[in-house]
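Subject: Structure handover

Hello,

Here is the structure I promised to pass on. Please open it alongside this email, and my notes follow below.

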Amino acid sequence: MVIRRTPVGSSSATIKARNISAVLLTLLRHQPISRVQLAERTGLSTTTITNLIADLIEQRIVTQIETQPEPARRRSVGRPQQGLCLAPDARYAIGIHIGVGSVNVALCNLLAQPVYGLSIDHPLDRAQGDVMAETIGMVRRVIGESGVDPGRIVGLGFGASGLVEPASGVNVVAPNLGWRDVPVRDQLCSALRLPVSVDNNVRAMALGEALFGRGKDVFSLAYVYVRVGVGAGIVVGGRLYYGGGAGAGEIGHMTILPHDGAACRCGNTGCLETLISEPVILRLAQQIAQREPEGRLARLCAGSTPSIEQVFAAARAGDSAVQAMLDERAYYLGVALANMVNILNPELIILGGILALGEDVLLPVVSETMRQCAFAHLGDKVRLETPSFYPNAGVVGAAALALNAFLYQQSEGFA
Ligand SMILES: [Zn+2]
């Protein structure tokens with residue numbers, strides 16, 4: 001159970017920390033920006049802004065650049081305008097993304113841009129302890145080989161598969177990896193001596209989009225990820241939404257076919273995940289390839305099990321049976337998104353995983369169905385987009401967990 005509540009009381013230190021957070025987050029969204037504009041956007045006095053910016057410039061987190069005056073002011077004579085920006089290389093964070101059969105580690109700068117990274121593949125049955133030991137070794141290599149001053153690394157973010165308790169940093173269960181109750185934060189913290197933030201990998205991707213990607217300008221967004229499983233990360237007002245039991249976003253288990261649906265691994269029937277996921281699409285595609293041996297898909301995969309790329313390629317090449325199968329999958333996802341729109345009414349839904357890979361063959365039906373099934377015109381106002389950081393969404397999201405802790409002053413990263 002994760003309970004995060006905003007403290008009611010405030011000491012002068014916490015007020016200063018919150019003001020710094022407000023300034024850093026405003027810079028992130030609106031840079032370059034003047035001191036006056038910063039004061040307007042944050043509601044802080046110009047004196048407070050001047051003092052905070054002086055501190056941040058001294059710590060080299062903020063830098064000043066000359067900006068072009070607005071056209072209306074160009075005729076006025078005077079000094080060029082000073083724009084304030086975050087210095088991208090002032091601080092760094094390390095993102096770790098454990099995928100199904102791969103580990104990706106990247107050092108990202110203050111704007112979550114990867115500057116150095118390593119990836120390895122590992123067999124799915126590899127022992128959890130070995131995977132973590134290798135991950136720790138990769139982090140050490142990334143720090144050493146990047147040439148970055150370790151003192152500038154504010155922390156480490158871990159995007160975990162499956163159910164996670166962010167407060168304790170425990171990966172409670174990762175069904176696709178066979179992990180159970182792994183104290184990820186404690187293991188990484190004791191080995192690497194850095195602040196560690198742990199969350200579910202789809203939530204991490206959602207946060208990455210909200211802070212650094214397409215979600216910078218919206219109040220609410222959902223990041224829907226379809227691969228082996230189906231899940232969503234929800235961000236409201238720049239913060240991840242967890243719900244009472246940290247289970248918000250489990251859309252893979254939204255009931256779509258309560259009576260005639262297939263059994264889901266969760267114990268229910270007709271869940272969204274039984275209708276659209278990579279394994280489901282591959283199983284249906286294989287049936288098409290066997291039924292139509294002269295079809296485009298069968299020729300593309302030449303007798304072997306089709307890959308998801310081959311399935312999408314067959315649809316692009318005009319295989320009508322494959323496209324009809326994908327349209328049906330897309331329809332069910334569209335229904336689920338309409339339900340989500342009616343509950344959450346997000347301004348932006350980002351579609352990641354295989355939805356980004358097959359955007360052109362899936363999105364038309366997803367979008368049309370969502371708009372038709374959502375209440376009134378709610379669906380018309382939702383932007384459906386693909387991820388900003390593809391194919392680095394996993395590590396950028398994980399680094400965003402650590403940068404978020406730094407920006408919100410929740411870690412020891414801010415001196
Ligand atoms: Zn289920």
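Which residue is the bridge partner of L107 in β5? It is Y116. Bear in mind that this is a predicted model.

That pair belongs to a longer run. β4, residues 102–109, pairs with β5 in the antiparallel sense, over seven bridges. Within β5, L118 stands opposite V105. The hairpin of β4 and β5 has four residues between the strands. There, A112 takes a positive phi near 65°.

Now the other side of β4. β3 and β4 also run antiparallel, and eight bridges join them. I98 stands opposite V103 in β4. This hairpin has two residues between the strands, and G101 takes a positive phi near 90°. As for burial, β4 is mostly covered, with six of its eight residues buried.

Next, the whole sheet. It is open, has five strands and shows mixed pairing. The order is β5-β4-β3-β6-β10. β5 (114–121) and β10 (196–200) stand at the edges. Each has a single partner strand, so one side of each is left without a neighbour in the sheet. On average, neighbouring strands are turned by 15° against each other, direction ignored.

A helix packs on this sheet. It is α6, residues 201–212. α6 touches β3 (92–99), β6 (153–160) and β10. The direction of α6 makes about 110° with that of β10.

Then the core. In soluble globular proteins, nonpolar side chains tend to be buried together. Here the largest nonpolar core has 115 residues. Which of them touch the most other members? They are A93, I94 and A399. Helix α10 (residues 320–344) gives the most to this core, with 14 residues.

A93 is a good place to start looking. Leave aside its neighbours within four places in sequence. A93 is then in contact with C108, I153, V154, G155, L156 and G157. A399, A402, L403 and F406 are in contact with A93 as well.

In viewing order, I would take the β4 and β5 pair, then the sheet, then α6, then A93.

Best wishes

How values were computed: Residues numbered from 1 in each chain as written. Predicted model: local features only at pLDDT ≥ 70, side-chain atom pairs only at ≥ 80, totals over all residues. Pairing = 2+ DSSP bridges. Axes fitted to C-alpha atoms, helices over the stretch in contact; angles between N-to-C directions. Contact = placed C-beta atoms within 7 Å. Core = buried A, V, L, I, M, F, W, Y, C linked by C-beta atoms within 7 Å. Buried ≥ 20, exposed ≤ 12 C-beta atoms within 10 Å, placed from the backbone.
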